[in-house]
Amino acid sequence: MAFELPSFAKINWTLRVLGKRQDGFHELCTVFQTVSLCDTLAFEEVDELELTCDDPRISTDESNLIVKAVRALQDAIPSVRGRGARIQLTKRIPSPGGLGGGSSNAAVALIGLCRLWEVDRPDELPEIAASLGSDVPYFLVGGTALGTGRGDKIEPLPDVGADNLLIVTPDVAISTGSIFGSTGLPILTEDELVRKLTVCRNEAPGFSLRRSELKNDLEGAVAARFPEVERVKAALVELGASVAAMSGSGASVFAVFDKQETRQAVIKALGGESTWRVFAVSTISRAVYREALGL
Ligand code: C5P
């Protein structure tokens with residue numbers, strides 16, 4: 001058996017950091033969105049595990065989240081222990097970039113391997129995904145979704161659609177852990193957590209690009225250390241974006257445009273920024289996401 005699956009990127013329409021937790025992670029309230037920018041994972045059954053990637057900057061050893069996903073799945077399902085797979089990763093999503101590329105690859109590996117090895121997806125797939133990284137469970141769901149906890153507790157939301165998005169990734173490698181660490185937030189009390197989560201849960205289902213403010217609480221910490229990210233956002237707003245915000249812990253910034261013509265003119269205007277990667281994308285609804293991944 002051999003087949004290919006897309007591994008879509010995400011943006012965060014909003015990302016609120018509610019505070020620090022006892023375990024050192026941060027409690028989040030974020031609205032995730034799948035976008036059309038994607039990597040591709042090609043699967044083929046062979047005797048051993050083989051991971052290859054067209055981008056030499058991506059390591060394909062045990063540190064790769066795809067390899068970790070294989071191991072975690074084999075730990076959870078005894079009948080697939082010892083099975084092999086050739087996985088060829090074609091990389092387009094900047095990494096790192098705040099677009100969930102590695103997390104998406106891990107989730108798609110879990111989905112693809114269940115299909116390759118002809119086993120039912122286990123009920124504990126969300127927990128296996130969460131053990132690989134905070135963003136991984138979201139990519140089992142896709143579309144517009146609310147993430148709470150570490151960002152790993154996912155609830156689908158009504159799809160938000162936008163056709164004329166731009167994602168701009170400056171050449172800055174940001175470590176998610178160090179950005180969360182530099183927010184310097186105190187540990188949340190149980191009362192604060194309940195109060196802040198209640199507000200967030202009440203607001204999330206009504207999220208709308210027209211009415212809601214796009215707010216990423218990590219933007220300040222990133223801007224302080226990487227002014228280039230601020231410069232990207234300012235350029236996009238200046239050039240006519242209706243809204244723009246950083247995605248995840250950066251460095252990518254996304255912008256929404258009213259018209260395709262405006263977006264096209266902005267792509268042209270950014271041509272002089274040779275170190276910025278520019279992607280014209282649109283949102284991917286949950287139905288399209290599920291169909292593309294055979295869910
Ligand atoms: O879960 P993930 O591997 O993506 O997280 C990378 C790092 O980012 C964690 O080790 C942690 O330092 C930080 N983080 C956090 N709070 C979150 C998610 C990540 O502090 N909700």
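Let me start with Asp152, which counts as buried at 13% relative accessibility, because the cut-off for that word is under 20%. In this predicted model, Asp152 forms a salt bridge with Lys153, and the closest N and O atoms of the two are 3.8 Å apart.

That is one of 17 salt bridges that the structure holds, and I would like to go through a few others. As a reminder, side chains of opposite charge can pair when their charged atoms come close. Glu219 forms a salt bridge with Lys233, with 2.7 Å between the closest N and O atoms. This pair links distant parts of the chain, since Glu219 sits in helix α6, residues 219–225, and Lys233 in helix α7, residues 227–238, with the two partners 14 residues apart. Are these two partners buried or partly exposed? Glu219 is buried, with a relative accessible area of 15%, whereas Lys233, at 22% relative accessibility, counts as partly exposed. There is also a network here, in which salt bridges that share partners join Arg16, Lys215 and Asp217. Another acidic residue to look at is Glu27, whose side chain meets that of Arg21 in a salt bridge at 3.2 Å, N to O, and Glu27 is buried too, with a relative accessible area of 8%.

Let me turn to helix α1, which covers residues 65–76. At 1.5 Å a residue, the 12 residues of α1 should span 16 Å, and the end C-alpha atoms of the helix are indeed 16 Å apart, so the expected span and the model agree. At the start of α1, a side-chain oxygen of Asn64 reaches to within 2.7 Å of the backbone nitrogen of Ile66. Ile66 is itself buried, as are Val67, Ala69, Val70, Ala72, Leu73 and Gln74. And what covers these buried residues of α1? The cover includes the strands β2 (26–44), β3 (49–53) and β4 (85–90), together with the helices α2 (101–116) and α3 (125–132).

Finally, there is an open sheet of 4 strands, in the order β8-β9-β7-β10, with antiparallel pairing. Its edge strands are β8, residues 243–246, and β10, residues 277–281, each of which pairs on one side only, and the twist averages 20 degrees from one strand to the next. If you want to follow one pairing on the structure, take β7, residues 165–169, which runs antiparallel to β10 and is joined to it by 5 bridges; there you will find Ile167 standing opposite Phe279 in β10.

Key:
Residues numbered from 1 in each chain as written. Predicted model: local features only at pLDDT ≥ 70, side-chain atom pairs only at ≥ 80, totals over all residues. Heavy atoms only, no water. Pairing = 2+ DSSP bridges. Helix = DSSP H or I, 4+ residues; strand = E, 2+ residues; numbered from the N terminus. Axes fitted to C-alpha atoms, helices over the stretch in contact; angles between N-to-C directions. Expected span 1.5 Å × (residues − 1). Buried < 20%, exposed > 50% of the residue type's maximum accessible area, 1.4 Å probe, protein only. Contact = heavy atoms within 4.5 Å. Polar contact = N/O pair within 3.5 Å; in protein donor to acceptor, adjacent residues only side chain to side chain. Salt bridge = Lys/Arg side-chain N within 4 Å of Asp/Glu carboxyl O.
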